[in-house]
Amino acid sequence: MISLISYYADLAIGLILAFLLLSLLVSGVNEGIVRLLGIRSKFLWAYLRDTLDGAETADGASRLDRILDALKRLGRTPRTPPTQAVSPEEGRSRLPASLVGVFARLPFGRDPRPAFSQQPPPVESPPLAAAAGSVAAEQMTAEQMTAGQATAAQTTAGQTGQATAAGETVDPAHLAGQADPEETAVLTVEPATDGTVDGTAVGTAVGAAVGVLPPDQGMSMAELLHERLQEIDHAKRGRTSIADIPPARFAVAVMEIATEHGGVEALMRDLDALKSPFSRPLKAVWDRASHDLEAFRHGVEDWFDGEMERLSLLYRRYVRWVIVALGLVVTLVFSMDSLEYGKTLLRDNAYRSAVTAFGEAGPQALEPLREQCEPGQDPYACVTDVLSTPAFVKIFTHAPVSVTMDAADGPAWGWHGGDWWQRLTSPAHWPGFLITLIALLFGAPFWWDILRRVSGLRTRTPGSTSS
């Protein structure tokens, strides 16, 4: 009974250890892809751009975005109704809404991260401006053009009225640019201070009215936030690599921006003028705090903490499918059949029991092991070779390329593509492959915890002493 329990304990530990190592391999490959493409950092800043700066213009999409949209339209079935076109007033989100967007549009499309700066945070920050390529910037440009045209028309009308009042006549047969010197002097008379807008202030009249500037005359809200975090930043292809912002630091940064902008209410007013989604939660927190700055800071911190939890859940939902794909690739590359591996583990215990019995029963105890030996091979050498390659080592010998260690010649590489493909196409191995794939989806932390519980390992805590 004790030996039977030992067999099953060895089986459990062997399976758990195999799943743990393969899960670590899947996690390592996934983390390498994420870090190489900067997906986690881009995912965070795409959310911050959408939340702080508002949506981007639909016509500002990159070539990759248009290609992906075209592929989606081609892959859509005729029964599926066509999606409604993006309204110019609403724009489009920078945060991807599909798995293809996370691992295609986000890493290879337009980078939402702010540019890296080696300079420390400045003492005085630039004024708040609309983000380049955003809906707010486009509308601000349109309003400036409309205001400029209205001002020009008003100025022309005022000048014409002054000329008429002075008794001067203007020849209607030619324009003001073709006027005579006497007419030019009449048309360039300074307008009276009766509400007429000066033409030199046309470019900044709209922005000055709401406290925000065009994109090329200041920084957006997301860029102002990064300006207060750049002391802990390091460059990655000329962009920020910040992928995690502590909620307390975010709240303090918002307080700093509000202080330089003239107060929280002034900041909320200008964010609302920029159509920033951040203005609504900011106003809700400000009203709940009853205009108390300390309570307001804690409220912004709690709000951002909740947003980061929601964003993490969204990110894990996308990454989960990548883990499934990587787990399938690892399972098929190593052709890891869990059922076959479990049988091999039990067979190893039988081999060891036979070798142990050999000391008492004599050479006839080696008869069960001769099936593993080649014809004419020395049984003792065969036993040594079989026991030196346990089942745990054999799980890595079914890959297309394998390596064996020879004491005399060193490592030797071998190609087993034919055997590997035969294992993949054999339906007898498919249930074992499926079990391996499902086991890898639990992740390395899960199997490490199970291994500690089964083997009795204990994690040393600070203050505990080893026995």
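Good morning. Phe 250 is buried, and so is its partner Phe 278. I begin with these two residues, and I should say at once that the model before you is a predicted one.

How are the two rings arranged? A pair of aromatic rings is described by the distance of the centres and the angle of the planes. For Phe 250 and Phe 278, the centres are 6.1 Å apart and the planes stand at 75°, so this pair is edge-to-face; an angle over 60 degrees earns that name. Phe 250 belongs to helix H9, residues 247-260, while Phe 278 sits in the loop between helix H10 (264-273) and H11, so the pair ties together parts that are 28 residues apart in sequence.

Phe 250 has a further partner, Trp 303. Here the ring centres are 6.4 Å apart and the planes lie at 35°, so the pair is described as tilted. This pair links distant parts of the chain, with Phe 250 in helix H9 and Trp 303 in helix H12, 53 residues apart. Trp 303 is buried, as is Phe 250.

Let us now place these pairs in the whole structure, which holds 13 aromatic pairs. One aromatic cluster is formed by Phe 19, Phe 442, Phe 446 and Trp 447. There is also a charge over a ring: the charged end of Arg 317 sits over the ring of Tyr 318, 5.4 Å from its centre.

As for the chain itself, it has 18 helices and four strands. Of its 467 residues, 37% are buried. Among contacts with a separation of 6 or more, 77% are between residues 24 or more positions apart. The accessible surface comes to about 27,500 Å², and carbon and sulfur atoms account for 61% of it.

I turn finally to the backbone. Most residues other than glycine have a negative phi. Which sign does phi have at Ser 290? Although Ser 290 is not a glycine, its phi is positive, at about 55°. Ser 290 is found in the loop between helix H11 (279-288) and helix H12 (293-333). Ser 335, also not a glycine, has a positive phi of about 40°, and its place is the loop between H12 and helix H13 (338-361).

Is each of these serines buried or exposed? Ser 290 has 60% relative accessibility and therefore counts as exposed, since the cut-off for that word is over 50%. Ser 335, at 1% relative accessibility, counts as buried, because buried means under 20%.

Thank you for your attention.

Technical notes: Residues are numbered from 1 along each chain as its sequence is written. This is a predicted model: local features need pLDDT of at least 70, side-chain atom pairs count only at pLDDT 80 or more; totals for chains, interfaces and linings use all residues. Side-chain values use heavy atoms; hydrogens and water are left out. Helices (H or I, at least four residues) and strands (E, at least two) are DSSP runs, numbered from the N terminus. Buried means under 20% relative accessible area, exposed over 50%, partly exposed in between (1.4 Å probe, protein chains only). Contact means heavy atoms within 4.5 Å. Accessible areas come from the Shrake-Rupley method with a 1.4 Å probe; for residues, only the protein chains shown count as cover. Rings of Phe, Tyr and Trp (its six-membered ring) pair if their centres lie within 6.5 Å; planes under 30 degrees apart count as stacked, over 60 as edge-to-face and the rest as tilted. A charge sits over a ring if NZ of Lys or CZ of Arg is within 6 Å of the ring centre and within 35 degrees of the ring normal.
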